[in-house]
Amino acid sequence: MKNITIMEHPLIKHKITVMRKTDTGTYEFRKLTEEIAMLMAYEALRDLPTVNIKIETPVEPCESPVIDGKKPAVVPILRAGLGMVSGILSLVPSAKVGHIGLFRDETTHLPHEYYCKLPQSLEERKILVLDPMLATGGSAVAAVDLIKKHNGKDISFMSIIAAPQGLQTLSQAHPDIKIFVGNVDRELNENAYICPGLGDAGDRIFGTK
Ligand code: PRP
Ligand code: URA
């Protein structure tokens with residue numbers, strides 16, 4: 001599908017394998033979430049605009065590129081998306097950070113919004129929406145809907161593990177956004193969990209189960 005990038009880098013594949021394991025504890029799971037987010041952002045931010053500036057090296061004056069334009073916006077979907085933020089800020093420390101709070105109803109699996117605070121001038125920023133899990137796609141679609149309502153235009157969605165169904169739902173609902181995923185897993189189970197997946201990403205990042 002157009003606009004979908006599936007990460008092929010062996011470092012990302014390796015780190016995802018370690019994340020999946022039941023015996024990977026909270027500290028290690030959190031570190032891996034951060035590291036994978038950073039590696040994925042390196043790819044997702046490859047089209048940031050640059051402008052040449054004049055500088056002096058110890059050898060001679062020259063022109064050299066720096067990032068141009070408004071600072072990018074990073075928007076984690078609460079809770080689990082929070083685990084990806086610090087990895088991305090280590091690459092782009094001056095990025096603005098918005099938050100979208102959504103939880104999935106356990107029976108219907110539909111997302112419910114409970115919080116939304118986004119940076120100003122969204123229409124001028126490159127926006128990275130973060131959630132480690134793209135399962136049915138309901139949360140991702142709702143988050144992108146909200147960002148578009150706030151005038152966001154240049155939107156990329158990043159998730160570490162996606163189910164085929166979520167990927168299709170998101171790309172059909174928002175064909176204009178870019179989607180970056182670390183791995184596409186087999187399917188969803190009857191509880192709309194990704195198989196083989198890694199369980200509940202929020203609980204594993206925050207140690208709540
Ligand atoms: C998880 C996950 C996504 C959502 C994915 O969050 O972090 O936001 O489910 O599922 P979907 O693609 O079917 O919408 P959850 O609602 O469990 O909330 P939490 O992050 O607070 O645990
Ligand atoms: N949310 C998760 O955290 N894990 C899944 O497998 C599906 C939704």
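Trainee: In which loop does R79 lie?
Mentor: This is a predicted model, and the places named here are places in that model. R79 comes after β4 and before α3 (82-89). The stretch that holds R79 is the loop between β4 and α3.

Trainee: Which kind of peptide bond joins L78 and R79, cis or trans?
Mentor: Most peptide bonds are trans. The bond between L78 and R79 has an omega of about -5°. That bond is cis.

Trainee: What is the distance from an N or O atom in the side chain of R79 to an oxygen atom of ligand 1?
Mentor: The limit for a polar contact is 3.5 Å. The side chain of R79 meets that limit with an oxygen atom of ligand 1. The distance is 2.9 Å.

Trainee: How far is a polar side-chain atom of T136 from an oxygen atom of ligand 1?
Mentor: A135 offers a polar backbone atom, which is 2.9 Å from an oxygen atom of ligand 1. T136 uses its side chain, and the distance to an oxygen atom of ligand 1 is 2.6 Å.

Trainee: How much of the accessible area of ligand 1 does the protein cover?
Mentor: On its own, ligand 1 has 500 Å² of accessible area. The part of this that the protein covers is 90%.

Trainee: Which elements give two or more residues to the shell around ligand 1?
Mentor: There are 14 residues around ligand 1, and R104, D131, T136, G137 and S139 come nearest. By class, the shell has six nonpolar, four polar and four charged residues. The elements asked for are β6 (99-104), β9 (133-134) and α4 (138-149).

Trainee: What is the volume of the largest pocket?
Mentor: Ligand 1 sits in the largest pocket, and ligand 2 takes up space there too. Rolling a probe the size of a water molecule over the atoms shows where empty space is left. For the largest pocket, the volume is about 790 Å³.

Trainee: Which residues of the lining lie nearest the centre of the largest pocket?
Mentor: The lining divides into 16 nonpolar, nine polar and eight charged residues. Elements that each supply at least two of them include β4 (73-78) and α6 (201-206). Of the 33 lining residues, those nearest the centre are F103, R104, Y193, D200 and G202.

Trainee: How many nonpolar residues does the shell around ligand 2 have?
Mentor: The residues around ligand 2 include R104, M133, Y193 and D200. By class, one residue of this shell is polar and two are charged. The number of nonpolar residues is six.

Trainee: Which residue has a backbone N or O atom 2.8 Å from a nitrogen atom of ligand 2?
Mentor: A polar backbone atom of I194 is 2.8 Å from an oxygen atom of ligand 2. A backbone N or O atom of A201 also lies 2.8 Å from an oxygen atom of ligand 2. For the nitrogen atom, the residue is G199.

Trainee: What share of the area that ligand 2 exposes alone does the protein bury?
Mentor: Taken alone, ligand 2 exposes 240 Å². The share of that area buried by the protein is 88%.

Trainee: What is omega for the peptide bond from C195 to P196?
Mentor: P196 lies in the loop between β13 (194-195) and α6. The bond from C195 to P196 is cis. Its omega is near 0°.

Trainee: What is phi of N151?
Mentor: N151 lies in the loop between α4 and β10 (154-162). Most residues other than glycine have a negative phi. N151 is a residue other than glycine with a positive value, near 80°.

Note on methods. Residues numbered from 1 in each chain as written. Chains lettered and ligands numbered in written order. Predicted model: local features only at pLDDT ≥ 70, side-chain atom pairs only at ≥ 80, totals over all residues. Heavy atoms only, no water. Near = heavy atom within 4 Å. Polar contact = N/O pair within 3.5 Å; in protein donor to acceptor, adjacent residues only side chain to side chain. Areas by Shrake-Rupley, 256 points an atom, 1.4 Å probe, with all protein chains shown as cover. 1 Å grid on protein atoms, 1.4 Å probe; cavity = no way out; pocket = protein on both sides within 12 Å on 5 of 7 lines; lining within 4 Å. Sits in = over half its atoms within 2 Å of the grid points. Helix = DSSP H or I, 4+ residues; strand = E, 2+ residues; numbered from the N terminus. Nonpolar A, V, L, I, M, F, W, Y, C, P; charged D, E, K, R; others polar. Points joined across faces, edges and corners; volume = space filled by probe spheres on them.
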